[in-house]
Structure formats: C-alpha cells, structure tokens
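Colleague: I would like to learn how to read a model of this kind, moving from single residues to the whole chain. Could we take the features one at a time?

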There are 2 protein chains.
Amino acid sequence: GPDVAAYTLRLADDALVLAQRLGEWAARGPTIEEDVALLNTGLDLLGQARTLLARVGELDGTGRTEDELAFLRDERDFVNAQVMELPVGDFGQTVARQLLVSAYQVPLFAALTASTDPTLAAVAAKAVKEVRYHLDHAASWVVRLGDGTEESARRVQAGLDAVWPYAAELFETDDVLARCVAAGVAPDPAPLRERWDSTVDAVLADARLRRPTTTWAPTGGRRGVHTEHLGYLLAEMQHVARSHPGATW
Amino acid sequence: GPDVAAYTLRLADDALVLAQRLGEWAARGPTIEEDVALLNTGLDLLGQARTLLARVGELDGTGRTEDELAFLRDERDFVNAQVMELPVGDFGQTVARQLLVSAYQVPLFAALTASTDPTLAAVAAKAVKEVRYHLDHAASWVVRLGDGTEESARRVQAGLDAVWPYAAELFETDDVLARCVAAGVAPDPAPLRERWDSTVDAVLADARLRRPTTTWAPTGGRRGVHTEHLGYLLAEMQHVARSHPGATW
C-alpha cells in the first residue's frame, strides 16, 4: 500500500542521490584503483535505485517509470536523507560520509532480507553484499587517512565533523516507518543505531579520530525538506532528460 | 623496447583520457540505464588503461607505477589522440565521438589480439569484446537521435561535425608506428581506416546523417601536442593525487 511505496521511495532516493555524488568523483580520485572503486559503488547504488523506483511506480498506482520518478519529480518530492545530498567536499569528507552511510546500510539491508515485502527482500539480498564491500572500503580509507599524515588526519576529521550531524536522521522514526515496522516491512531503527554506533566507533578508534560530540541533528529529508545543495544536484541530474520532454530516449 | 613502450602509452592515454570525459556524464545522462552504460564504458576504459600503464613502466625501465604515469606526467608527456580530450559537449556530441572512437577500436583490438607483444595481445583479447559493445551502444544512440526529432537530429549532426576532423589522427602513421607494424606489434592503420569508413558510413546512413566533408585534420597528440582542453582535464584529474605528494594512498 501507500506506506510501503513511501518507504521504498526513501530507500530509492537515498541510493539515487548518493550515486550522483559519487559520480562527481569519476576519474578524480587519488588513484586509478580508487576511481574504479568509486564508479563501482555508484553503479551498485544506481542498480538499487532502479529496482526500487520501478517498484514505487507499481505500488503507488501511478505507473510511473524509473526515469519519470528520477527526472520529473521536483525537490520537495525527493525523500532521501539529507546526508546523501551533502556536497562531496574533499576526498576525506567523501570517505567519511561513505563510512557513516554504509555502516547504516549494512545492518539495514541485512534486516531487510527478512522483509515481508518481496521486492525489498530481493533488493536487500543483493545489496547486503554490495554495501558490506562499500563499508570495508570506506573504513580502510578512513583509517588510512586518519592514521596517516598530520594533514590527511586533519582533513578526514574535518570531513567527519561536517557530515556527522546528518547521520542522526537515518535512525529517525515517523508514522510511515512505524507502520512499516509493525507490518514487518521495515526493521526497527533502534537496533540499527546500536550496530551503527559500534561499527563506527571501532573504525574511528583504529583511525585515531575523535567521535564528534555535537547534538545538532538536522532533519526533514523524509518529508521533502532539503539542504540548499539538493536543488543544484537535481538541476544537473535532470537537465538532459527535461530538455527534451516527451523524447523517447 | 622503446617503440613498444611508446605505442603502448598511446593506447593507455587514449583509454585514460576518454574515461575521464565519460566520467563527466556520471549520473547526468538522459536515462538511468544510460548513466549505467556510460559508467560501465568508463570502467572498461580505466581497466584497459591500468594494465597498459603498468606495462609501460616495465618496458621503459623507469619502474613507474600506473598512478605515477597517470598523475605525475605533464600535458606534453600525454600521447593520446586529440579526439579523446575534446569536451563532452551535449549528449549528441558524446555519442557521436563514441561512435567514431569505438568504430576505430573494434578493428584495432581485433587485430591486436595477434600482436607479437604478449601484453597487448592479452589486453586486446579482453578489450575487443568491450569495445564491440561500446560501438553497438553508440551506434544505436546515433541512429535514435539522428532519426528522431528535428531537434535531436540537428544536435547529433552538430556534434558529429565538431568531432569529425579529429578522427583522421587515429589512422596516422609515424616512425614509431611503422617500426611496430614491421615487428608485428601493431596493425597497419590503412586497413583499419577502411573498416572504420564502412562501419561509420553504415551507421550514418541508418541515422540519416550527413558524413562531414571537411578536409581539416588537426594532429599532434601522438607527439604530445594537444588542444587547450587537455590541460584543464589533467588539472582536475591530477589535483587530488598531486596535492599530497608522497602520500601512500
């Protein structure tokens, strides 16, 4: 029903928006191997987004295609968490954000493999392997930079500090999510948060980085309220598709 | 010897530079499916570039790694054909350039599978399957746009006209190439040109596009002479790696 559609769209937009950000790193990473890893991570996320968006178009009765949902919705209709839309910043900030996101997605998709919704369970079964790799990869970079030179440690700490406040939103609940949890569609966020805390704390300890202590926790993404950054991202992402309305691509 | 190193570096730089350009399309294509295709094409090219660059470091006796060759060389040391460095332009220009490049790479890599150089033969055996797909994909887009709306036909024709003069350089010969051909390392460019002509002509006929008649044929890429565009591309590509000299990434 509408709750499953709304929840599925959140997962889809998380993947779609972060894939755009990773695309900005295409061929600009510190090593060619890293360019390959970033492109592969982006491809994994686009694959998740496509399946989820197509499912939303079925569930909500509109029959919208993946492309209509990706390219013809306005900013207020996107329900990704704000952490996904933050600018890439430098490489340290990129891997810090990826650590926080992947440390959430690993327990999320592991739990979703048992979802009562067959599409979510199927997407999760494939995604859980992908996001485990993303987490290992991001964690190894955070440690390498944090336990590297003074300059690399300073940068990755600054990146972590910048993205950290936005992580809280990943574990928020609201009426839609509460009903999805009750129906066995989605996992309860509280245990996910515990797993996230222990994963992130272990990586930060290895990396000799400080866990930020801020209590500022911006929110609103799940209701379509976004930072100023999403509008620019969507303008770039949607420009080609919208400049030829009705074109059969 | 030095000739094989020089020839291998040309192939490596062709792949590396075009991969950067394709990366600029990450998540900006007209459909999500197309974003996935462009990212996969970029990954194929990066894979080719890595193997070829590592081989250059062995052959030339400098022991340079793939990353040192990619990130620490200056513009005059890049020997890609200029067609690879041209800006992406709009989507029509991107697929037009890809058609011209892939129509060259298909017979090139098919012939290189018989190279007397084992690395080139091995790279070609894998690459020939990849570039066949790139060619089919680019051709289908050129036809779709050329035989589409008046506006899409106008744009892809303009893109084709813009990149066309640079294709001639792909079939040039010089002393290095002549010696590589004589040694069975590289294929003679003349038969490649014939294959290219018939492939491209067939696609343009299907697409109802005009074959440009210009005789202007800019050159110099194989000697390190480039358009003004390569410097900007390298600045972006090399920035992160160079901003931390000596960092163990």
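Colleague: Let me begin with a single side chain: is Arg208(A) buried or exposed?

Modeller: Bear in mind throughout that this is a predicted model. A residue counts as exposed when its relative accessible area is over 50%. Arg208(A) has a relative accessible area of 66%, and is therefore exposed; this residue lies in the loop between helix H9 (189-207) and helix H10 (228-242) of chain A.

Colleague: What is the phi of Arg208(A), and how should I read it?

Modeller: The general idea is that most residues other than glycine have a negative phi. Arg208(A), although not a glycine, has a positive phi of about 55°. In chain B, Arg208(B) likewise has a positive phi, near 55°, and is placed in the loop between H9 and H10 of that chain, where its relative accessibility of 65% makes it count as exposed.

Colleague: Where does Thr215(B) lie?

Modeller: Thr215(B) belongs to the loop between helix H9 (189-207) and helix H10 (228-242) of chain B, and with 74% relative accessibility it counts as exposed. As for its place relative to another part of the chain, its C-alpha atom is separated by 36 Å from that of Ala122(B), a residue 93 positions away along the chain.

Colleague: Let me turn to an arginine in another loop: is Arg73(A) buried or exposed?

Modeller: Here the cut-off to keep in mind is that buried means under 20% relative accessible area. Arg73(A) has 4%, so it is buried, even though it is found in a loop, the one between helix H3 (66-71) and helix H4 (82-85) of chain A.

Colleague: What does the side chain of Arg73(A) reach, and which residues surround it?

Modeller: Its side chain reaches the backbone oxygen of Asp77(A) at 2.9 Å. Setting aside neighbours within four places in sequence, Arg73(A) is in contact with several residues, among them the acidic Asp13(A) and Glu68(A), the arginines Arg64(A) and Arg242(A), and also Leu9(A), Leu53(A) and Phe78(A).

Colleague: Which residues does Glu66(B) touch, once those up to four places away in sequence are left out?

Modeller: Glu66(B) touches Ile32(A) and Glu33(A) of chain A, together with Arg50(B), Leu53(B) and Ala54(B) of chain B. With one of these, Arg50(B), there is a polar contact between the two side chains at 2.9 Å. Glu66(B) lies in helix H3 (residues 66-71) of chain B, and its relative accessible area of 15% places it among the buried residues. By contrast with those contacts, Gln98(B) is 32 residues apart from Glu66(B) along the chain, and their C-alpha atoms are separated by 25 Å.

Colleague: Moving to the whole chain, how many helices and strands does chain A have?

Modeller: The secondary structure of chain A comes to ten helices and zero strands. Buried residues make up 58% of its 249 residues, and among contacts with a separation of 6 or more, 80% are accounted for by residues 24 or more positions apart.

Colleague: What radius of gyration does chain A have, and how is that value to be judged?

Modeller: The value is judged against a compact globule, which with 249 residues would have a radius of gyration near 18 Å; chain A has 18 Å, which agrees. The C-alpha trace of chain A spans about 55 × 45 × 30 Å along its principal axes.

Conventions. Residues are numbered from 1 along each chain as its sequence is written. Chains are lettered from A and ligands numbered from 1 in the order in which they are written. This is a predicted model: local features need pLDDT of at least 70, side-chain atom pairs count only at pLDDT 80 or more; totals for chains, interfaces and linings use all residues. Side-chain values use heavy atoms; hydrogens and water are left out. Helices (H or I, at least four residues) and strands (E, at least two) are DSSP runs, numbered from the N terminus. The radius of gyration is taken over C-alpha atoms; the globule rule is 2.2 Å times the number of residues to the power 0.38. Buried means under 20% relative accessible area, exposed over 50%, partly exposed in between (1.4 Å probe, protein chains only). Contact means heavy atoms within 4.5 Å. A polar contact is a pair of N or O atoms within 3.5 Å; within protein, one must be able to donate a hydrogen and the other to accept it, and residues adjacent in sequence count only if both atoms are side-chain atoms.
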